[in-house]
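Q: I have a structure in front of me and would like to learn how to read its features one at a time. Could we go through it together?

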Amino acid sequence: MSDAHPPINRAPIASTVDEIVDVPAFDDEERPARALSGRIGWGVAIVAFAVAVLVLVQVFRPLPQGSQYYLIIFLAGTLPLVFLAYRSGIPMPARWRRGADRPTAVDWVLAALTVVVCLYPVLSGYNAFLDRQGLLEPADIAMGAVLLVLVVEACRRTTGWVLPVVCLLFLAYGYYGGLLPQNWSIAHAGLDFDQIVDALYNSGSGFYGTPLDVAASYVVLFTIYGAVLDLSGAGRFFVDLSVAAFRRSRSAAGRTTVASGFLLGTVSGSGTATAVSVGAVTWPILRRAGYPPEQAGGMLAAAGVGAILSPPTLGAAAFIVAEYLDVSYLVVLGWAMIPTVLYYLGILLAVEIDARRFRVRAVDLDVPSVRRLLARFGYHFSSLVAIVVLLAVGVTATRAVVYATGLAFLLSFLDRQARLTPRRLFEALAAGVRGVLPVAAVCAAAGIITATTTKTGLGAQLASLLVRTADALADNRTAVLALTVVFAAVALSLLGLAVPVTASFIIGWVIIGPALLALDVSAPAAAMFVFYYSVLSEVTPPTALAAVGAAAITGGRTVATMWQALKYALPAFLVPIAFVLTDPGEYLLARGPWLGIVWATVAACAAVAALAVATGGWLLGVGRATAVPRVLAALAGLLLLYLDPVTIAIAAALLVVTATLIRWQRRGSSGGPTASPTDRATAETSAPSSTEKEST
């Protein structure tokens, strides 16, 4: 394609600074996967490509046998690949190993066994198998039991030990629950082994329930779309555009990181992968600007986690929200718009505060102007816009993303360096399916939890127990709701420490969701509350996966990076409490009159700003905040989130007092009669130089 301007250099931005960072391989839900090559790599890619073709065909010509039949085929195509693509992590005898990064003999046996047990319902006569529901034959039970073991092992390989242990605890509860004292609220009659296998292996729940259906029908299509869009050059364009947009600002490095995380997150849906991808390019820029490794890593992690919150490709849990509530995915996108703005507002304010705290410098980079980049590569936004437009006119989410993928494929030929030739298209489709392997394993394992909860009624019992506990501590309905919300937030945060986002949401919804619904919280508000606190696990110590990936890029201390990531993300993560605490909280989900949505959004923005002052210790335009102003700012932020006229008025007064105190302290430390030499030195080192002011 001809261009009126001189050719734009498409080399990675990182090459213009100190170095190009080696990117470790991270998936989203996740432990690092093998880097397969040679014949094994090609074999896995061919199978993944075949699954991608099946998924695409299913959108327009569904298999006549029904959705469960499709899920059986999908699981048979993806679950065996988990054993080849992910290491067992268990020491093996030397004779069983075939190299450091190649599948072992045990891996091949497990993969072959998985194919057999997954396809058994089809090979043994699908209709006859369904007719045996509730009356399984011994062979059916044996095959289902083997698949149960394989699903748990695949989950362990992709996520670690915690989620498999949780699944086993639910299974033990289902089997031994009849032995519990019957006066306990969580006691039940007990399930025998045949009933458990039947619920998991031969029903529309269990392995083939809503979680796997979402992974096979929605998530895989969006991962394919993201892979196609990235290979078409969109990823480089988004980062280049972010650098070009802020290159003249003192805080340009931080702003670039946040903007890159948002733009890449719109097509990624993976917090860790986005953090690592952005960090590979922007960490050298952040280092030259003067950011310490831990602060830079925290910023990268927080910006990356925004990928799970950023429309139009939210994380896998968002698709499950749409399925559980039986609403259009476009509706869920609408609910996520204002919280996304609040999330990135909190990060940007933290970036501006850190730019002053660490006296960062402007970094000059030789990049094209924003106008030139948009004129030449702005077409990469077309497919993103197409998804939203198609959803708005009534096209299903699955077809909308397929059409957007086709558009991204066609537009790739506008860039000679990124055009999707047949081989590169094959790689993109295969990479899309490989990207969904950990999600498929987690969703199949989550079926164990949902089936057990449904069969035993555990969700309703735990929800009732949670509400009764709050009721015992308070009499007022508002106080009961507030305590329940606090208990739920703590429970979800602790749960998120142990299991991935998707599993955290599923478990949280079946246990916490009913408790909130019992207190007359609307289903959308309850679902989005659970969703956002499930996402929080990506930046919460000690298992913050996004922070671990970012620390691998920056070389910073891992735990310190986690705490910095939590600092960046915390203000916006207190916002979901507003969803469920008061009726106006739903305005933040864009549900209600437009005037209410406007004033609630303004109040929430002020709350995020106040909380940023509390966590960052700085008031923009005034100066450093000491302990007392920070406490006042935190209190003001919490009062603002209650979204009541009285609390908003009190919060406004507290903010005025906070600003006055900070200004008075700043005036005293800038050389007044009460300022000590140490205070004056601190004020001098905190102030930007004249060169920095000009660059700002």
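Q: Is Val598 buried, partly exposed or exposed, and what is its relative accessible area?
A: This is a predicted model, and every value here is computed from it. Val598 has a relative accessible area of 42%, and because buried means under 20% and exposed over 50%, the residue counts as partly exposed. Val598 belongs to helix 26, which covers residues 594–616.

Q: Which residues make a nonpolar surface patch with Val598?
A: An α-helix has 3.6 residues a turn, so residues three or four places apart point the same way. Here the patch is made by Trp594, Leu595, Val598, Trp599 and Val602, and its area is about 560 Å².

Q: How many residues of helix 12 are buried?
A: In helix 12, 12 of the 13 residues are buried, so this helix is largely enclosed by the rest of the structure. Among the buried residues are Glu294 and Gln295, together with Met299, Leu300 and Val305.

Q: What should helix 12 span, and how far apart are its end C-alpha atoms?
A: The expected span follows from 1.5 Å a residue, which for the 13 residues of helix 12 (residues 293–305) gives 18 Å; the end C-alpha atoms are 18 Å apart, in agreement with that expectation.

Q: Where does Asp520 lie, and what is its phi?
A: Asp520 is in the loop between helix 21 (501–518) and helix 22 (523–535), and its phi is near 70°, a positive value in a residue other than glycine. Asp520 is also exposed, with a relative accessible area of 62%.

Q: What is the phi of Ala590, and where is its place?
A: Ala590 has a positive phi too, near 60°, and sits in the loop between helix 25 (576–581) and helix 26. Its relative accessible area of 40% makes Ala590 partly exposed.

Q: What does the chain contain as a whole?
A: The chain has 30 helices and two strands, and 57% of its 696 residues are buried. Of the contacts with a separation of 6 or more, 77% are between residues 24 or more positions apart.

Q: What is the average pLDDT of the chain, and how many of the residues score at least 70?
A: The average is 81, and 86% of the residues score at least 70. Over residues 1–29, however, the pLDDT is below 50, although this stretch has 78 contacts in the model beyond near neighbours in sequence. Residues 672–696 are also below 50, with 29 such contacts. Where pLDDT is low, the predicted coordinates should not be read in detail.

Methods:
Residues are numbered from 1 along each chain as its sequence is written. This is a predicted model: local features need pLDDT of at least 70, side-chain atom pairs count only at pLDDT 80 or more; totals for chains, interfaces and linings use all residues. Side-chain values use heavy atoms; hydrogens and water are left out. Patches are made of residues with over 30% relative accessible area and no salt bridge: like charges are joined within 9 Å, nonpolar side chains (Val, Leu, Ile, Met, Phe, Trp, Tyr) within 5 Å. Accessible areas come from the Shrake-Rupley method with a 1.4 Å probe; for residues, only the protein chains shown count as cover. A salt bridge is a side-chain nitrogen of Lys or Arg within 4 Å of a carboxyl oxygen of Asp or Glu. Helices (H or I, at least four residues) and strands (E, at least two) are DSSP runs, numbered from the N terminus. Buried means under 20% relative accessible area, exposed over 50%, partly exposed in between (1.4 Å probe, protein chains only). The expected span of a helix is 1.5 Å times one less than its number of residues. Contact means heavy atoms within 4.5 Å. pLDDT is the predictor's confidence in each residue, from 0 to 100.
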